[in-house]
Amino acid sequence: MAASDKTTLNPEAQQRLDAYLTHLAGERRLSPHTVDNYGRDVGYLLRLAGDTSLGDLRSHHIRRFVAQLHSQDRHGKSLARYLSAWRGFFDFLARDFGLTQNPCAGIRPPKTPKTLPHALSPDEAGRLMDLGDDDALAIRDKAILELLYSSGLRLSELVGLPLAGLDLADGSVRVTGKGNKTRIVPVGRFAADAIRAWLPQRQQMAKAEEDALFVGRTGNRLSPRAVQQRLKHWALKLGLAANVHPHVLRHSFATHVLQSSGDLRAVQEMLGHASISTTQVYTHLDFQHLAKVYDAAHPRAKKR
């Protein structure tokens with residue numbers, strides 16, 4: 001049975017779901033968007049359960065539901081989120097409705113194979129920075145591209161970057177990333193020069209009360225979607241075959257810095273990764289580069 005959003009829930013399930021969402025909004029004070037997400041994820045469970053009472057659900061039911069969702073090409077991260085929402089739902093039912101067990105306890109989602117991030121070559125990155133236009137928007141876009149590639153910022157960090165977060169004298173930016181954590185990241189010379197060229201244009205474009213470093217024609221902060229569209233525009237115009245988006249430049253930054261330095265911890269700090277395991281995916285990139293390093297460094301690698 002597919003988990004369809006259009007399937008009507010039975011009255012008991014709907015009552016329990018409504019009570020849970022009220023608990024999330026009222027007691028836990030989660031945002032409306034987050035509450036909606038929980039409602040959708042728990043809705044999958046309730047629709048898969050059909051007429052089976054919540055108190056009768058057991059771990060074998062949950063495993064079957066996960067398998068059904070997995071067969072619909074739901075990835076491991078999505079399934080992990082569903083299971084987390086379901087566990088919280090059953091914990092709530094145990095507290096307020098007397099359920100005696102949580103059938104989701106101990107169940108893990110299937111793992112999603114890690115895919116290696118795409119990275120531009122240094123030559124491709126250099127071509128992307130050479131826009132060739134000198135109007136205000138091109139000057140702004142060059143600063144955006146240079147900063148993304150220079151400092152490995154996330155898209156949300158770039159659009160959220162205030163003018164006050166920039167310290168060109170020190171060659172750094174202060175950004176707020178995931179978990180509302182703040183970090184200071186170096187800014188390279190090319191990026192700093194591009195930003196200096198943009199600042200006079202920004203002064204003319206930005207509204208008086210706007211504090212964002214990057215603004216659009218209206219004088220307001222650029223949206224993430226606008227940045228994505230501009231990057232795609234320049235990639236097509238410059239003849240780059242790759243699908244260029246902000247995360248590609250972040251990946252390219254990490255890959256190229258790691259290739260040159262080999263310092264995984266430093267790359268972790270600059271990317272703002274909470275765990276070194278997240279950064280380690282970059283150690284698997286560009287086998288040809290690693291092979292060249294091996295050939296040059298190992299005394300018994302080269303053919304005589």
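# A guided tour, starting at histidine 23

Begin by selecting histidine 23, which you will find in helix α1. The model on your screen is a predicted one. Histidine 23 counts as buried, because its relative accessibility is 12%, and the cut-off for buried is under 20%. Show its surroundings next: setting aside residues up to four places away in sequence, histidine 23 touches Arg28, Phe92 and Arg95.

**Along helix α1**

Stay in the same helix and select arginine 16, which also has its place in α1, a helix covering residues 11-26. Is arginine 16 buried or exposed? With a relative accessibility of 16%, arginine 16 counts as buried. Its contacts, leaving aside neighbours within four places in sequence, are Leu54, Phe89, Phe92, Leu93 and Phe97. Phe92 is worth keeping highlighted, since you met it as a contact of histidine 23 and find it again in the list for arginine 16.

Before leaving this area, select Glu27, Arg95 and Asp96: a network of salt bridges links these residues.

**On to helix α2**

Now colour residues 32-49, which make up helix α2. This helix has 18 residues, and the distance from its first C-alpha to its last is 25 Å, close to the 26 Å expected at 1.5 Å a residue. Its buried residues include Val35, Gly39 and Asp41, and also Tyr44 and Arg47. Which helices do the buried residues of α2 pack against? They pack against α1, α3 (59-71) and α4 (76-97). Step just past the end of α2 to glycine 50, where phi is positive, at about 60°.

**Into the largest nonpolar core**

In soluble globular proteins, nonpolar side chains tend to be buried together. To see this here, select Leu128, Leu147, Val173 and Phe214, the residues with the most contacts inside the largest nonpolar core, which has 44 residues. Several elements each supply at least two residues of this core, among them α5 (122-129), α7 (155-159), β2, α8 (189-205), α9 (224-237) and α10 (246-261). Helix α6 gives the most to this core, with eight residues.

Zoom in on leucine 147 next. Not counting residues up to four places away in sequence, leucine 147 touches a list of residues that includes Leu153, Leu158, Val173, Ile195 and Phe214. Apart from this core lies another one, of 30 residues; to find it, select Leu24, Leu54, Leu79 and Phe92, which are among its members. Leu54 and Phe92 will be familiar as contacts of arginine 16.

**The sheet**

Switch to a cartoon view and look for the three strands that form an open sheet, in the order β1-β2-β3, with antiparallel pairing. β1 (166-167) and β3 (182-186) stand at the edges, each with a single partner strand, so one side of each has no neighbour in the sheet. Two bridges join β1 to β2 (residues 172-176). Select leucine 166 to see one end of a bridge: its partner in β2 is valine 173. Val173 is also one of the residues with the most contacts inside the largest nonpolar core.

**Salt bridges to pick out**

Side chains of opposite charge can pair when their charged atoms come close. How many salt bridges does the structure hold? There are 14, and three of them make good stops.

- Select aspartate 133 and lysine 237, whose closest N and O atoms are 2.9 Å apart in a salt bridge. Aspartate 133 lies in the loop between α5 and α6 and lysine 237 in helix α9, so the pair ties together parts that are 104 residues apart in sequence. Aspartate 133 counts as partly exposed, at 32% relative accessibility.
- Move to arginine 196 and aspartate 193, which meet in a salt bridge of 3.3 Å, N to O. Both lie in helix α8, three residues apart, about one turn of the helix. Arginine 196 is partly exposed at 42% relative accessibility, and aspartate 193 is partly exposed at 39%.
- Finish with arginine 221 and aspartate 211, whose side chains form a salt bridge of 2.8 Å, N to O. Both residues lie in the loop between α8 and α9, so the pair ties together parts that are ten residues apart in sequence. Arginine 221 has a relative accessible area of 33% and is partly exposed; aspartate 211, at 41% relative accessibility, counts as partly exposed as well.

Notes. Residues are numbered from 1 along each chain as its sequence is written. This is a predicted model: local features need pLDDT of at least 70, side-chain atom pairs count only at pLDDT 80 or more; totals for chains, interfaces and linings use all residues. Side-chain values use heavy atoms; hydrogens and water are left out. Two strands pair if DSSP finds at least two bridges between them. Helices (H or I, at least four residues) and strands (E, at least two) are DSSP runs, numbered from the N terminus. A nonpolar core is a set of buried Ala, Val, Leu, Ile, Met, Phe, Trp, Tyr and Cys residues joined through side-chain atoms within 4.5 Å. Buried means under 20% relative accessible area, exposed over 50%, partly exposed in between (1.4 Å probe, protein chains only). Contact means heavy atoms within 4.5 Å. The expected span of a helix is 1.5 Å times one less than its number of residues. A salt bridge is a side-chain nitrogen of Lys or Arg within 4 Å of a carboxyl oxygen of Asp or Glu.
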